[in-house]
Amino acid sequence: MTRYTDKIALVTGGTSGMGLATARRLIDEGAHVIVTGRSGERVRAAAGDLGPRALGIVADTADLSAVDRMADTVAERFGRLDLVFANAGTGTFALFPDITEAAFDHTIDVNFKGVFFTVQKTLPLLTPGAAVVLNASWTLHRADSALTLYAATKAAVHNLARTLAAELGPRGVRVNSISPGYIDTPMSAGAMTEEFAAMAAARVVTGRFGDAEEIAALVAFLGSAEASYINGQDIVVDGGLVAAFAQ
């Protein structure tokens with residue numbers, strides 16, 4: 001497909017997992033893609049892997065000065081954006097009494113403040129007809145223990161998508177969020193034991209974790225003209241985890 005020929009897309013947290021898969025999908029469809037990450041080594045590796053239509057920028061989205069520099073670089077290099085996938089995030093999994101102030105501040109900074117200001121700082125670059133996709137979580141829709149802080153930040157992300165859809169609609173900019181379920185990524189692999197991963201997969205009606213490429217396909221659709229009448233929504237992509245109980 002060539003839905004993104006000569007389009008400019010930004011993918012934060014684009015060095016691995018869902019971000020890297022989305023960047024690759026957009027490039028395959030013709031886009032020029034900016035990927036960001038906190039590690040210079042990983043940013044360079046991702047940009048090299050993605051090829052000449054990728055630009056890597058080292059930026060911690062929780063650091064507003066870094067977000068400013070990122071937006072300035074995109075403006076100087078490309079002058080516009082047609083799609084922003086605010087994907088950078090972190091997981092804090094602890095029972096409610098065990099959550100520290102430091103963990104609270106870090107999770108809010110990355111999962112909500114970073115998303116909020118990524119969109120704000122890139123807003124002047126968004127063209128009429130542009131799209132913004134925010135990465136939320138299935139935990140918006142089904143409560144689970146040890147996810148109190150993480151789920152709260154992701155609920156804030158989706159609410160931001162709805163309110164920005166209302167505010168930016170007159171500018172011709174659409175904003176949606178996606179809520180992935182259990183997705184097979186390096187981050188999830190590092191956070192789960194084999195026993196927990198097997199238990200988690202058994203909770204999913206489809207019987208497996210999702211692939212990062214399946215998330216990439218959804219983001220590419222939401223950012224395209226084919227989704228021109230989808231706005232302010234949260235799209236759950238979870239193999240049925242939220243909608244039904246596995247037998």
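This passage describes helices, pockets and selected residues in a predicted model.

Helix α4 spans residues 101-122 and contains 22 residues. From its first C-alpha to its last, α4 reaches 30 Å. That is close to the 32 Å expected at 1.5 Å a residue. The helix is nonetheless kinked. The kink in α4 is about 40° and is centred on D109. Buried positions in α4 are T107, V110, N111, G114, V115, T118, V119 and T122. Several elements contribute to the cover over these buried residues. Among them are two helices, α3 (64-77) and α5 (148-168). The strands β1 (8-11), β4 (81-86) and β5 (126-135) are also included in that cover.

L160 lies in helix α5. L160 counts as buried because its relative accessibility is 8%, and the cut-off for burial is under 20%. Leaving aside residues up to four places away in sequence, L160 touches F112, V115, F116 and L134. Of these contacts, V115 is itself listed among the buried residues of α4. F112 and F116 fall within the range of α4, residues 101-122. L134 falls within β5 (126-135). F104 provides a further reference point for L160. The two residues are 56 residues apart along the chain, and their C-alpha atoms are separated by 19 Å.

Helix α1 has twelve residues. Its reach from first C-alpha to last is 17 Å, close to the 16 Å expected at 1.5 Å a residue. α1 is mostly covered, with nine of its twelve residues buried. The buried set in α1 runs through G17, M18, G19, L20, A21, T22 and A23, and also takes in L26 and I27. G30 follows α1 and has a positive phi, near 110°.

Positive phi values also occur at two residues that are not glycine. D6 has a phi near 65°. D6 sits in the segment before β1. D6 counts as exposed because its relative accessible area is 52%, and exposure requires over 50%. A146 has a positive phi of about 70°. A146 is in the loop between β5 and α5. With a relative accessibility of 22%, A146 counts as partly exposed.

Pockets were examined next. Rolling a probe the size of a water molecule over the atoms shows where empty space is left. The largest pocket has a volume of about 1200 Å³. Its lining comprises 46 residues. Nearest the centre of the largest pocket are G89, T90, G91, M187 and S188. Five elements, namely α1 (17-28), β2 (32-37), α4, α5 and α6 (186-191), give two or more residues each to this lining. Of the lining of the largest pocket, α6 supplies the largest share, four residues. By residue class, the lining of the largest pocket has 18 nonpolar, 22 polar and six charged residues.

The second largest pocket has a volume of about 230 Å³. It is lined by 14 residues. K7, G129, G223, S224 and A225 are the closest of these to its centre. β5 provides the largest share of the lining of the second largest pocket, four residues. The lining of the second largest pocket divides into four nonpolar, six polar and four charged residues.

Terms used: Residues numbered from 1 in each chain as written. Predicted model: local features only at pLDDT ≥ 70, side-chain atom pairs only at ≥ 80, totals over all residues. Heavy atoms only, no water. Expected span 1.5 Å × (residues − 1). Bend = angle between axes of the 7 residues up to and from the residue. Buried < 20%, exposed > 50% of the residue type's maximum accessible area, 1.4 Å probe, protein only. Contact = heavy atoms within 4.5 Å. 1 Å grid on protein atoms, 1.4 Å probe; cavity = no way out; pocket = protein on both sides within 12 Å on 5 of 7 lines; lining within 4 Å. Points joined across faces, edges and corners; volume = space filled by probe spheres on them. Nonpolar A, V, L, I, M, F, W, Y, C, P; charged D, E, K, R; others polar.
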